Amino acid sequence: MAQTGPTQAGVSGQGSILVDALDREFLDALGGYGLYSYGIRHPRIVAAVKAQLDRSPQYSQEMLDPLRAQLARVLALLTPGKIQYGFFANSGTEAVEGAMKLAKLHTGRKGFIAMLRAFHGKTLGALSLMGKKVFRAPLLPLLEGVRHVPFGDAAAVEQTLAAAKAVGDDIAAVVAEPVQGEAGVVVPPPDYWPRLREICNHYGVLLIADEVQTGMGRTGEIFGVDHWNVAPDIICLGKALGGGVVPMSAFMSTPAIWECMEPNPFMHTTTTGGNPLACAAALAAIKVLLEEDLAGQAKTKGAYMLNQLRQLQAKYPGVLAEVRGLGLLIGMEFPTDGIGYKVAAGLFSRGVLTAGTLTNAKTIRIEPALSVPQNILAEVLNRLEDVLKTIELPRRAQPMNLYAGQVLHVDLTTRAIQSQPLNLAWLKDYIGGWGLGVRYFYDRVDPQVDPLGPDNAVVIMTGPLCGTLAPTASRTCLVSKSPHTGTIFESNIGGAFGPELKFAGYDGIVVTGRADRPVYLRIEDDQVSLEDAQSLWGQGIFATEEWLAAAMGPGVKSLSIGPAGENLIPYACIGSEAYRQMGRGGAGALFGSKKLKAIACKGTGGVQVADMGLFWGKITQYKESNLLTDANLWAKNDGTPMLVDVTNEMGIHPTRNFTAGFNPKRHALNSEAVNAIKIGDRACASCPLGCGNFTSLNGVQVEGPEYETLCLAGSNCEVNDLEQVMRFNRLCDDLGLDTISTGGTIGLAMELSTSGVHDFGLKFGQAAEYLAVAGEIAGLSTPRGRDLALGAAKLGAKYGAAGEAAQAKGLEMPAYDPRGSYGMGLAYATSERGACHLRAFTILADDPFKLKAMARDVMNQQNRNAAKWSMCFCDFWGSVDTPMMADMLSTGLGRQISAEDLNKAGERVWNLIRLFNLRAGFTAADDVLPEKMTKQALKNGPHDGRVLSAENLAEMKALYYHLRGWDADGRPRKEKLRELGLENLAG
């Protein structure tokens, strides 16, 4: 059921009104997917079953049952052509299984022709006929000899039969639904079924009509094939056959075909099929069907609904794209899956039950009881229009597969806002996310720009799969020049802001200029404005998000800053959904410099894919076979805190300002400690991992802490107290401070205080001042707060202790000591934004000190991750590779993208950011590590006494440059630039 979430199971109801366990009433426009053709609890059918229950609810299979014989005779009188004999079962899929066995026994052949997008059930035989990969692929191999052709294309059936006959691979039967319900209520051309009958006669194969959903009056005739006066050889019945009271199904055929069962009737048996209760229900249902002329009612009411819906289509053409159906099996198709979801959710919230299909949210079915009162149909239409009115579609260009096709350009100085077409020429080379963000930024900004000046731009970009059902692909990237390092940098964030931006109709946002007073950018589809945020200035991120939700309503997604960003702290972050951050590089200070308090977004659109069924099948395949495996489930089961034990065992866990690689008190901070206080979890949009741990301890609640915070704000400061680390985490999240940089800088201040260089009043292991100084940093409220706001590199330099700061290019190191993993050292040194573990992550290398292997590994991982962040996949899908990413991208786009295309895109991004940094004044001399790593020996753990010498780093760096096609000064050679199509961007 396409709805906003699970509801309580329906426990009562009557006719076309369903009442759930919370006593909420719903108008039933779904009819139990065709089960309630007679309405919910039709009194005559219920009475017949109750009466039979008093006589005999079940029977012995050794005895003949008169009700079964009576039902068989009645059905023989109703079914088309010469169909007379039948077999009763419990479900539609059982009926299909029986029909397949009967066809094979009668013809002695094994093959079948079925239809693409068909739905016949999920037992193995029926599944072999199904035309939906998502359900078939995990269970292959299925039955041999099944071929699939497009539904409605009789010529394709004939061609397949001719080809099979030519090679001696004969077909037993052609199987089709009169109308494809699960495919989105697809009605075939008028000549389709008559042509099937002719073709099957010509080739001597059987014709099986799957009437499980269309039978018993649903389409306006008793059977769907009656519309075309076609008599199939075998017919399958189900759903409505049991009157919506007792499960019941049947497959039936002619006497001539049934003869094959007579030599051994035990070839197909059942224990409960055709039991007295089911037969009593079916007989009563057929009596109601005929006496109340339900087929006639379906025809009349269906014509009324189709007429009214087509009027709504004309009235809301951008929302309701197509209406189709037969009788009271009706489909409404919307331009995108997202709109379909929103209409279904809107109807549900207004008390109307409808349904999408199993692989197509763009189509919503209307399938009510055939006896539904006219006033209820009218009310369903009223509530539907009420929903359609709320979906004010933005004025968008022609929809694209995966991409929204528009980028929002906002000049804060002039307050000009424009939506411009996405630069299509850049898509293949840069994909989206990081890559596309870098290309937009590079095209607009002088590398010599002041990061906090109005001429710097902030580019926010989504990935191509963002807003779809692709797992972990909802991240959003920000690209700009860092106020902390002076380099180009990227920071990304999870949650649901990216999908909401896509739903509003934009792939990205380019922000330039500087407002003259605090503002927030308000996006509601194509209604975009700059609104006053003076009252929010000075507020924390938590209060800001609450205010935005009150101003714009539930469902708004935002990016906002706290006091740290307003005060231009160079490592201030941007927050979203309270506990998600764009942490590294100072994105919060960029918003603050532009007087931009927040970007808040609500969208009503969706994301289009080339073929929803194929796309859903592809992403389901990779989710089940790759994502939800042991390689990644650590994120779901334990989350990043499990790395506390891992890095301690490896001896690379930064402790006491990176003096040691082992924390003997780590057990107070590891995953076991965090899991002991876990109260829930949370996932980003379209992600099954749910790695966000909510924890509560002594009144302190936070999502997290994550590993980096546990280490940099815990072990690195020797604060081995989980409660205090949680307080620090929550405080930083609200103030808008990056916990890695803040923890690293405080750790340095603690060491400088301890060693006597300068007393900041901060000591290792003492939590009170450690908590107090975070607010002082964000507010620049004390001398030490202003000092620590400089960051570790500048703080160390100010007090003559530059070598004590664990940083690269001015960015504080994450929680993996490079002296115990040389590849991490090279990754930190060569990263465009400074010390970063998200460019290459080599801690699991077989030999972390093998220089040549580390150089190649770092380069390859940097290229792959550049592609991965351009696709905006989460880091925690660690096993996803470029062939998988390319396959998902190709399926969504409907055109081929290769793994090599993605690999080249990643390499192209890495070279383009190198060109920017070179033009900004960075050289090979900046690809270095501080003396803390190159001269001071690591203490404790398995790497006690080890350094990463400047000579070893230089050797790795030289090989790395060579492998990249760069010269000895780290400049890309002309040949490499030509290979990547960057020769015109070298400057």
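**Exercise 1. Domain separation**

Determine how far apart the C-alpha centres of domain 2 and domain 4 lie.

*Solution.* Step 1: the protein is divided into domain 1 (7-38 + 294-390), domain 2 (65-278), domain 3 (406-602), domain 4 (638-806) and domain 5 (810-929 + 949-987), with bounds that come from an automatic or database domain assignment. Step 2: between the C-alpha centres of domain 2 and domain 4 the distance is 65 Å.

The model is predicted, with local features needing pLDDT of at least 70 and side-chain atom pairs counting only at pLDDT 80 or more, whereas totals for chains, interfaces and linings use all residues. Residues are numbered from 1 along each chain as its sequence is written, and side-chain values use heavy atoms, with hydrogens and water left out.

**Exercise 2. The seven-stranded sheet**

State the strand order of the open sheet formed by seven strands, and identify its edge strands.

*Solution.* Step 1: helices (H or I, at least four residues) and strands (E, at least two) are taken as DSSP runs numbered from the N terminus, and two strands pair if DSSP finds at least two bridges between them. Step 2: the order is 4-10-9-8-7-5-6, with mixed pairing. Step 3: strand 4 (85-89) and strand 6 (146-149) are the edge strands, each pairing on one side only. Step 4: on average, neighbouring strands of this sheet are turned by 20° against each other, direction ignored; axes are lines fitted to C-alpha atoms, for helices over the stretch in contact, and angles run from 0 to 180 degrees between N-to-C directions.

Step 5: strand 8 (residues 206-210) and strand 9 (residues 234-237) run parallel and are joined by three bridges; Ala-209 stands opposite Ile-235 in strand 9. Step 6: helix 4 (residues 92-107) packs on the sheet, and the strands it touches include strand 5 (111-115), strand 7 (171-176) and strand 10 (249-253). The direction of helix 4 makes about 25° with that of strand 10. Helix 7 (residues 154-166) lies across strand 5, strand 6 and strand 7, and runs at about 150° to strand 6.

**Exercise 3. Strand 16 and its partners**

Establish which strands pair with strand 16, and in which sense.

*Solution.* Step 1: strand 16 (residues 406-411) is largely enclosed by the rest of the structure, because five of its six residues are buried (under 20% relative accessible area; exposed is over 50%, partly exposed in between; 1.4 Å probe, protein chains only). Step 2: six bridges connect strand 16 with strand 17 (residues 416-421) in the antiparallel sense, and Asp-411 stands opposite Ala-416. Step 3: their hairpin has four residues between the strands, and Arg-415 takes a positive phi near 65° there. Step 4: with strand 21 (residues 508-512), strand 16 pairs in the parallel sense over five bridges; the bridge partner of Val-407 in strand 21 is Gly-508.

**Exercise 4. The surroundings of Leu-478**

Decide whether Leu-478 is buried or exposed, and list some of its contacts.

*Solution.* Step 1: Leu-478 belongs to strand 19 (residues 476-481). Step 2: its relative accessible area is 0%, so Leu-478 is buried. Step 3: leaving aside neighbours within four places in sequence, Leu-478 is in contact (heavy atoms within 4.5 Å) with residues including Ile-460, Phe-489, Ile-574, Met-582 and Phe-591. Step 4: the C-alpha atoms of Leu-478 and Val-510 are separated by 9.7 Å, the two residues being 32 apart along the chain.

**Exercise 5. Aromatic pairs and a charge over a ring**

Classify the ring pair of Trp-434 and Trp-910, and describe its environment.

*Solution.* Step 1: rings of Phe, Tyr and Trp (its six-membered ring) pair if their centres lie within 6.5 Å, with planes under 30 degrees apart counted as stacked, over 60 as edge-to-face and the rest as tilted. This rule yields 22 aromatic pairs. Step 2: the centres of Trp-434 and Trp-910 are 6.0 Å apart and the planes stand at 90°, so the pair is edge-to-face. Step 3: the pair links distant parts of the chain, with Trp-434 in helix 15 (residues 433-444) and Trp-910 in helix 33 (residues 899-919), 476 residues apart. Step 4: Trp-434 is buried at a relative accessible area of 0%, and Trp-910 is buried at 2%.

Step 5: the charged end of Arg-839 sits over the ring of Trp-434, 4.3 Å from its centre (NZ of Lys or CZ of Arg within 6 Å of the ring centre and within 35 degrees of the ring normal).
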